[in-house]
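Let's take a friendly walk through this structure, starting with its domains and ending with a pair of helices.

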Amino acid sequence: MVAGEDKPDLEVKFRRSLLATEKWLSKDTVLSAGKAVTVGIFILIVLGPILYLLFQIIISWGDINETVFNDPILGNEAFLSMLRSIGLSFEIAAIVTVFDILVGVPMAWILARYEFKGKNILDTMVDLPMAVPTSALGFSIYLFWGTNNGISRLYNSQVGFASQGILLIILAHVAFTFPYVTRSIKGIIADLDLDLEKAGRTLGASPFTIAKMISLPMVKEGLLAGTVLAFTRSLGETGATLIVSGVYQTAPVVIVSWMKGLKIPTTAFLAFILIIISLLLLAAVRIFARKVGLPWKKVFPRFERKLSSKKVTRTRDTFSIALFFLFVFIPALFVIVFLFQWWGGSPFSGEFEAGMIYQVFLAPDKKINEIMTALVTSLEIALIVTIVNLLIATPMALMISKMKNKKVKGLLDGLIDIPLVIPSSALGFSIFFLWGSNGLHILSPGFAMIVIAHISFTYSYCVRPLIGSFDSISTMYDEAAAAFGASKITAFRTVTLPFLKSGLIAAAIMTFTRSMSETGATIICMGIERTIPVLLVDFFEASTFPAAAFASTILIIISFVMLILLRLVTRRKKDA
Amino acid sequence: MVKLELKNITKYYGKRRGVENINLTIEDGEYLAVLGSTGAGKTTTMYLVAGLLSPSEGRILFNGEDVTNVPSEDRNVGFVFEEYNLFPRMSAESNVLFGPIVKGLDLSDSRQVAREMFSLLNITGKEGNFPDEISGGQKQRVALARAIVSNANLLVMDDPLRALDAKIREILQIELRNLVKDLSLTCIHATHDTQEAMRVADKIAVFKDGAIVQLGTPEEVYNNPVSIYVAKFLGETTELKGTIKQEKNKSFLIVDNIKIEIETDLKSGTKAVALIPAELADIYSISEKGKITYDNIIEAEIISSKCVGEFFDVDLIAFKQVIKAKELIGRNVPLTEGSKVLFATDKGDFRVFPFEEDENDEKEI
């Protein structure tokens, strides 16, 4: 009897103290302090490094002036090569984005509007290149287009279709930026009100005219967001570019190679320029997105009617799907084919020592150990980054979602996107700069610094979907809970959090995947640590392709599993 | 400008029936209302006429010309949707000019027409407003202008006033009819509301389960509903069941040994149902006895009455059952509960149908 009475007592006590704690936490002063901490962490991890970089550039302008513009031997060669690399990056990003739009928009339309067998599979296929680490993707694309193992087999050539260089960079960037455009408008197209299109038709507009005049204006903002994302991802990518670029150097690759050569002031200056350019792009888009009208208002009824004919639309759809498979899907996954080709030996000479089995498991350097160590490091980092990010991103997302002051809200909302658009190598560099020996001198390159860099650039991936989740939860429940006497934190725990579950899981998977696949920032902050995407680049540079293929395949499998999980979680959310 | 014919039109959605074997002719300049409850096939019919759906079978003719396979954008039909479907990112004027723009018409003419439409529909001044800045009634006026300005000669409206509140609805019903008649458009207007159909149309087609059950002028449909279903759909009624008796050129329905004079061709001994519309069930005070001339006058007791605006909803007991009546407000009749009154009907007030067991299913409308 006594024991039986004790137990509920304890439980009641626990609950009371929990409620009391929550009540204390809900005090206005404590809440304000919490908000301050949330913003503080954001500043320390995301804004701080960038601001510090700016600050350093200003105070050590003399140094920079000397090394960048007036080197005693090289003169302004450093500055010129910066300009060249930035120019190249822009050219590539522009071409890639145009391709993404031309193929990605019809693809989004197909996925949103048509019902066909295997639609879900195609949908997953389109998303896959986004989840696969870019170094694995770049390697796979190099194998497909750039070696005699891939496409050139079809016409019996001894050399690849394209050698390392600009064309190959474009092909690689197309593969991993492609999903951004499709993804960002697919949902919007699916949600468009079909009745508006019916209204358009009864008024005499052909389907093309309707798409142009009625649907496109509604998709405009999503399309712009996706385009900016694709553009900045191409502009800032390191992993795949390192593999396919050869002697050509895009700006992020230059950062990595200068960093390796410890040319700190010049690297700082280039990172700074890249960050400024990306920020200007982001700002321009956020300010003008709503205001910019569509470039063409004029209607050419006859011509547009022709464009709406079954023949034209079918050709267009076929082309989009064909281009997707040829330029995105098949090259992206070709590494798996390559792995089997080289499984037990060289497909050309039959030599066992050239095969994957020997190189990975039997050779004296035991690459399997390296791979496993790197894999564990990557998983550890990704896990820590995900947990930390959920903890710091949830209050931020809640704060932004509930904020009443529109100006501050808009500002914070924009700042959140910064890590999304600036090249991760530049962000990684500014973290190295602030936390390392040039700044606070708390950390040296290694595990902890990689973690901080990853938290920084995955921050947006975590906050963004959570803001969406919070926005979709009606405040009505909060108010109802408050009416029953729940403190704010208690209301959050009992009422809001359950709604948030799938949003949190989705954010976690996104963060995890993104951390797993990063190359650029990792290289800068890693010291002697190796993550698996970086190891892959090492293998590639050492020309041990079968080992690289083995590592790539592991990465692809992991990302594939993550993607399937993500789809399951988000689908369940839709059903609920 | 257009004579519209539907010939044997059938539309199935997979296995579900949309409409079956619809035959309908709407003369040039005629205003037809399609009346029916949800699921009767109204929207399907409207979409078929506009080309937003294609029929499984049958043909659609405009002025004798087969347009069955002509796509919607080439039919020149002005369509007004239940939910307005104004383009959200365009101003009211851009919405109205959308048709002329995409058809490549001369815009200066169209602007002129649009201006006239705006003033005809009392929405002048709203040209620059976006759809989310104007009221429901104004939205539907803009939608109407949009449908007409694009040179439509056939106006198709799918329950256009459903989403509006009662007062605006009544105003727009009158505006609509005047506009259509002024412009001498051919018009087909679907509605679930009997009053609306009666107010706007030259002819009414009553739909049930995807088929036309009655077609006629409002008076014909009201006075001679072809089935219990139609009679009940037209308004509140009370059902009296009994047996027909023909006697000296007069027809009676015997209910519980009480003789009610009615009009019918049914033979003596037939089981029948007589429906009395609530608005035709008249009530007088007892003191009027002998002063009024009706075919049937009977004493009745009021069991409840409720003022619902311009009239009272009254329940009274007569012929040993509850009868629903509507009494205009302001008449000198004691409508308090329990008071005795005279319940008066003419033989023509009853809609008489042979009694069939399965007709009971149709009570829920």
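## Two domains

Domain bounds here come from an automatic or database domain assignment. This is a predicted model, and for chain A the assignment gives two domains, each built from two stretches of sequence. Domain 1 of chain A covers 26-59 + 348-576, while domain 2 of chain A covers 72-301 + 321-341.

The C-alpha centres of domain 1 and domain 2 of chain A are 21 Å apart. Where the two meet, domain 1 of chain A contributes 43 residues to the contact and domain 2 of chain A contributes 42 residues.

## The domain 1 side of the contact

Which helices build the side of domain 1 of chain A that touches domain 2 of chain A? At least two residues each come from H2 (28-59), H18 (418-421), H19 (424-435), H22 (488-517), H23 (520-525), H24 (532-541) and H25 (545-575) of chain A. H25(A) gives the most to this side, with twelve residues.

As for chemistry, this side of domain 1 of chain A has 28 nonpolar, 13 polar and two charged residues.

## A helix pair: H9 and H12

Now for a pair of helices. In chain A, the axes of H9 (residues 207-236) and H12 (residues 264-288) come within 11 Å and cross at roughly 175°. Angles over 145 degrees count as roughly antiparallel, and H9(A) and H12(A) are therefore roughly antiparallel to each other.

From H9(A), the contact uses Leu224(A), Val228(A), Thr232(A) and Leu235(A); H12(A) answers with Ser278(A), Leu281(A) and Val285(A). Five of these contact residues are nonpolar and two are polar, with no charged residue.

Note on methods: Residues are numbered from 1 along each chain as its sequence is written. Chains are lettered from A and ligands numbered from 1 in the order in which they are written. This is a predicted model: local features need pLDDT of at least 70, side-chain atom pairs count only at pLDDT 80 or more; totals for chains, interfaces and linings use all residues. Two residues are in contact if their C-beta atoms, placed from the backbone, lie within 7 Å. Helices (H or I, at least four residues) and strands (E, at least two) are DSSP runs, numbered from the N terminus. Ala, Val, Leu, Ile, Met, Phe, Trp, Tyr, Cys and Pro count as nonpolar, Asp, Glu, Lys and Arg as charged, and the others, Gly among them, as polar. Axes are lines fitted to C-alpha atoms, for helices over the stretch in contact, and angles run from 0 to 180 degrees between N-to-C directions. Angles under 35 degrees count as roughly parallel, over 145 as roughly antiparallel, 65 to 115 as roughly perpendicular and the rest as oblique.
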